[in-house]
Amino acid sequence: DEQVRMYCHEIIIENFGDDPDNFETIAHDGLRDESAAVRYHCACHSGDLKIYGAHRRLRRLMEDPKQDDHTRNAAAKSLAQLGEPDVIVELVKGMASDHYMPRYMANIGAKALTGKDLNDFNDYDYSEGAFVSGGVELMMMNPHPADVHEKISTRHAAIAEYCKWLEKNRPEV
């Protein structure tokens, strides 16, 4: 049952995640689970827990167009947390998203990989005032166009500054 498997992975991650004996369960079973929710949860936490054995499965998830966006973004974030510099392209795409969760995942990955995220540039706040409840981002109905485009332009200016900083200070990435 999907819910039982999710609860089991949550218990392992939250209570026994620092035990390397459990890494295989998360990296092997969780990342290959038939449930997108379980795969996402395990992909998200594989980088947090530094499960280096999950590298290949995370890469497959990130590159698989059949996976949902949340799972691919979580896999990219975790690969960055595991020190994989080539995921920076995916992270920058996530940083540019109009939605909070891709920006959130991308900025966590960027911070882990490079020591900086978009909040370090142009007084930008990558949350952009998003309200998320139960994993669902609530969007304002009919926002003022000037406000929307101000947020977008501020985001893209921060991304440009981040990319310039990367080129100058972290050219290996």
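User: Is Arg103 buried or exposed?
Analyst: In this predicted model, Arg103 is buried, because its relative accessible area is 1%, and the cut-off for buried is under 20%.

User: Which side chain does Arg103 meet in a salt bridge?
Analyst: The side chain of Glu128 meets Arg103 in a salt bridge, at 3.7 Å from N to O. This pair links distant parts of the chain: Arg103 lies in helix H7 (100-114), and Glu128 lies in the loop between H7 and strand E1 (131-133), 25 residues apart.

User: And which salt bridge joins Glu128 to helix H8?
Analyst: Glu128 also meets Arg155 in a salt bridge, at 2.7 Å from N to O. Arg155 is in helix H8 (residues 145-169), 27 residues apart from Glu128. Arg155 is buried, with a relative accessible area of 2%, and Glu128 is buried at 15%.

User: How many salt bridges are there in the whole structure?
Analyst: A search of the whole structure finds 14. One of the pairs is Asp48 with Lys77, whose closest N and O atoms are 3.0 Å apart. Asp48 is in helix H3 and Lys77 in helix H5 (residues 69-81), 29 residues apart. Asp48 counts as partly exposed at 40% relative accessibility, whereas Lys77 is buried at 1%.

User: Which residues are linked in a network?
Analyst: Salt bridges link Arg59, Glu63, Glu84 and Asp86 in a network.

User: Changing topic, which residues of H2 are buried?
Analyst: In helix H2 (residues 23-30), they are Phe23, Ile26, Ala27 and Gly30. They lie on the same side of H2, because they cover an arc of only 115° around the axis.

User: What covers them?
Analyst: The cover includes helix H1 (2-16), helix H3 (36-48) and helix H4 (55-63).

Methods. Residues numbered from 1 in each chain as written. Predicted model: local features only at pLDDT ≥ 70, side-chain atom pairs only at ≥ 80, totals over all residues. Heavy atoms only, no water. Buried < 20%, exposed > 50% of the residue type's maximum accessible area, 1.4 Å probe, protein only. Helix = DSSP H or I, 4+ residues; strand = E, 2+ residues; numbered from the N terminus. Arc of directions from axis to C-beta. Contact = heavy atoms within 4.5 Å. Salt bridge = Lys/Arg side-chain N within 4 Å of Asp/Glu carboxyl O.
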